[in-house]
Amino acid sequence: MPIVVDIDVMLAKRKMSVGELAERVGITPANLAVLKNGRAKAVRFATLAALCEALDCQPGDLLRREAEVAAGADSAQAVNAAG
């Protein structure tokens, strides 16, 4: 997934536990762990805003985009080189 969630970085900077953040935001620690570990498929803006408020940060401090290497592109290059 090209979007990386850096909640763990902000938790460390704020010296806050996952449980404390979950309580402040109003979500379960399990749901916060899903988001933190990059397994979430979506996040509500209200949740993102609550996370930012609790961590005193901006959305860009929690989310970043990483380049994704396309497996299909490598295969296409191999086919083009062979043909």
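A salt bridge, as the term is used here, is a side-chain nitrogen of Lys or Arg within 4 Å of a carboxyl oxygen of Asp or Glu. Keep that in mind as we walk through this structure, which is a predicted model. By that rule, the count comes to three salt bridges.

Let's start with Asp-6 and Arg-64, whose closest N and O atoms are 2.6 Å apart. Asp-6 sits in the loop between strand E1 (3-5) and H1, while Arg-64 belongs to strand E2, so this pair ties together parts that are 58 residues apart in sequence. Asp-6 counts as buried, at 14% relative accessibility, whereas Arg-64 is partly exposed, with 37%. Arg-64 also meets the side chain of Glu-66 in a salt bridge (2.7 Å, N to O). Shared partners therefore join Asp-6, Arg-64 and Glu-66 into one network.

The remaining pair is Glu-20 with Arg-24, where the closest N and O atoms are 2.7 Å apart. These two are four residues apart in helix H2, which means that about one helical turn separates them.

Now for the inside. In soluble globular proteins, nonpolar side chains tend to be buried together. Here, the largest nonpolar core has 18 residues, and Ile-7, Leu-21, Leu-51, Leu-55 and Leu-62 touch the most other members. Helices H1 (7-14), H2 (18-25), H3 (29-36) and H4 (45-55) are the elements that each give two or more residues to this core, and H4 gives the most, with five. To get a feel for the packing, pick out Leu-55: among the residues it touches are Met-10, Leu-11, Leu-21 and Leu-62.

Which residues of H4 are buried? They are Thr-47, Leu-48, Leu-51, Cys-52, Ala-54 and Leu-55. These residues lie on the same side of H4 because they cover an arc of only 165° around the axis. Flip to the other side of H4 and you'll find Phe-45, Ala-46 and Glu-53 exposed. The cover over the buried residues of H4 includes H1, H2, H3, helix H5 (59-62) and strand E2 (63-65). Just after H4 comes Asp-56, with a positive phi of about 50°.

H2 can be read in a similar way. Its buried residues are Leu-21, Ala-22 and Val-25, and they cover an arc of only 100° around the axis, so they share the same side of H2. Glu-23 and Arg-24 are exposed on the face turned away from that buried side. H1, H3 and H4 are among the elements covering the buried residues of H2. After H2 comes Gly-26, whose phi is positive, near 90°.

Notes: Residues numbered from 1 in each chain as written. Predicted model: local features only at pLDDT ≥ 70, side-chain atom pairs only at ≥ 80, totals over all residues. Heavy atoms only, no water. Core = buried A, V, L, I, M, F, W, Y, C linked by side-chain atoms within 4.5 Å. Buried < 20%, exposed > 50% of the residue type's maximum accessible area, 1.4 Å probe, protein only. Contact = heavy atoms within 4.5 Å. Arc of directions from axis to C-beta. Lists of a residue's contacts leave out its neighbours within four places in sequence.
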